[in-house]
Amino acid sequence: MSVSTIEAVLTQAAIASLNTYQNHLSPRKGFSCPHRLLYGGESCSDYVKRLLINQNLLTAIQMAPQRFKACKISAQTLQSQRAEGGCIIIPCCIPI
């Protein structure tokens with residue numbers, strides 16, 4: 001199996017995993033992506049899925065941690081707003 005075939009299979013598996021997460025797990029977890037809540041637009045899972053579709057696996061792997069760090073900062077911002085009487089949010093991103 002060539003490297004490009006392996007990458008294509010891994011990319012499709014990652015996209016399928018994100019679809020499963022978005023359709024079955026995310027609706028049940030009880031909170032939303034802090035980055036999406038704070039800035040609007042796409043959630044972290046949508047962001048990574050878009051990278052996988054439009055870029056390549058390596059790019060997605062390299063860029064995802066930057067987004068997760070931004071999401072963590074968004075969660076902290078939302079928590080401080082909550083402390084001031086603003087939004088209620090539970091951080092959803094991997095601690096980085």
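So, serine 74: it's buried, with a relative accessible area of 1%. By buried I mean under 20% relative accessible area, with exposed being over 50% and partly exposed in between, using a 1.4 Å probe and protein chains only. Serine 74 sits in helix H4. Helices here are DSSP runs of H or I, at least four residues long, strands are E runs of at least two, and both are numbered from the N terminus. What is serine 74 in contact with, once we leave aside its neighbours within four places in sequence? Pro34, His35, Leu38 and Tyr39, where contact means heavy atoms within 4.5 Å.

Before I go on, a word on what you're looking at. This is a predicted model, with local features needing pLDDT of at least 70 and side-chain atom pairs counting only at pLDDT 80 or more, while totals for chains, interfaces and linings use all residues. Residues are numbered from 1 along each chain as its sequence is written, and side-chain values use heavy atoms, with hydrogens and water left out.

Okay, the overall picture. The protein chain has 4 helices and 0 strands, so if you read along the sequence you get α-α-α-α, by that DSSP definition. There are 96 residues in the chain, and 27% of them count as buried. Take the contacts between residues at least 6 apart in sequence: 65% of those join residues at least 24 apart. As for the outside, the accessible surface comes to about 6200 Å², and 59% of that belongs to carbon and sulfur atoms. Those areas come from the Shrake-Rupley method with a 1.4 Å probe, and for residues, only the protein chains shown count as cover.

Now let's look at helix H3, which runs over residues 44-54. Its buried residues are Cys44, Ser45, Tyr47, Val48, Lys49, Leu51 and Leu52. And what do they pack against? Three helices: H1, at 3-29, H2, at 34-39, and H4, at 57-83.

That takes us to the core. In soluble globular proteins, nonpolar side chains tend to be buried together. In this model, the largest nonpolar core has 9 residues in all: Ile15, Leu18, Tyr47, Val48, Leu51, Leu52, Leu57, Ala60 and Ala64. H1, H3 and H4 are the elements that give two or more residues to this core, and H3 gives the most, with 4 residues. For the record, a nonpolar core is a set of buried Ala, Val, Leu, Ile, Met, Phe, Trp, Tyr and Cys residues joined through side-chain atoms within 4.5 Å.

Let me pick out a couple of those core residues. Tyrosine 47 touches Glu42, Met63 and Arg67, not counting residues up to four places away in sequence. Isoleucine 15 is in helix H1, and at 11% relative accessibility it counts as buried. Leaving aside its neighbours within four places in sequence, isoleucine 15 is in contact with Lys49, Leu52 and Ile53. Its C-alpha is 9.9 Å from that of leucine 51, and the two residues are 36 apart along the chain.

Staying on H1, threonine 11 lies in this helix too, and it's buried, at 8% relative accessible area. Threonine 11 touches Leu52 and Leu57, again not counting residues up to four places away in sequence. Then there's serine 17, also found in H1. Is serine 17 buried, exposed or partly exposed? Partly exposed, with a relative accessible area of 47%. Serine 17 and lysine 49 are 32 residues apart in sequence, and their C-alpha atoms are 9.7 Å apart in space.

Next, the cysteines. How many disulfides does a search of the whole structure find? The search finds 0, a disulfide being a pair of cysteine sulfur atoms within 2.5 Å. Cysteine 33 is in no disulfide, and the nearest cysteine sulfur, that of cysteine 44, is 3.5 Å away. Cysteine 44 is in no disulfide either, with the sulfur of cysteine 33 as its nearest. As for burial, cysteine 33 counts as buried at 7% relative accessibility, and cysteine 44 counts as buried at 6%.

Last stop, the surface. Met1, Ile6, Val9 and Leu10 form a nonpolar patch there, with about 430 Å² of accessible area together. Patches are made of residues with over 30% relative accessible area and no salt bridge, where like charges are joined within 9 Å and nonpolar side chains (Val, Leu, Ile, Met, Phe, Trp, Tyr) within 5 Å. A salt bridge, in turn, is a side-chain nitrogen of Lys or Arg within 4 Å of a carboxyl oxygen of Asp or Glu. From that patch, isoleucine 6 lies in helix H1 and is partly exposed, at 37% relative accessible area.
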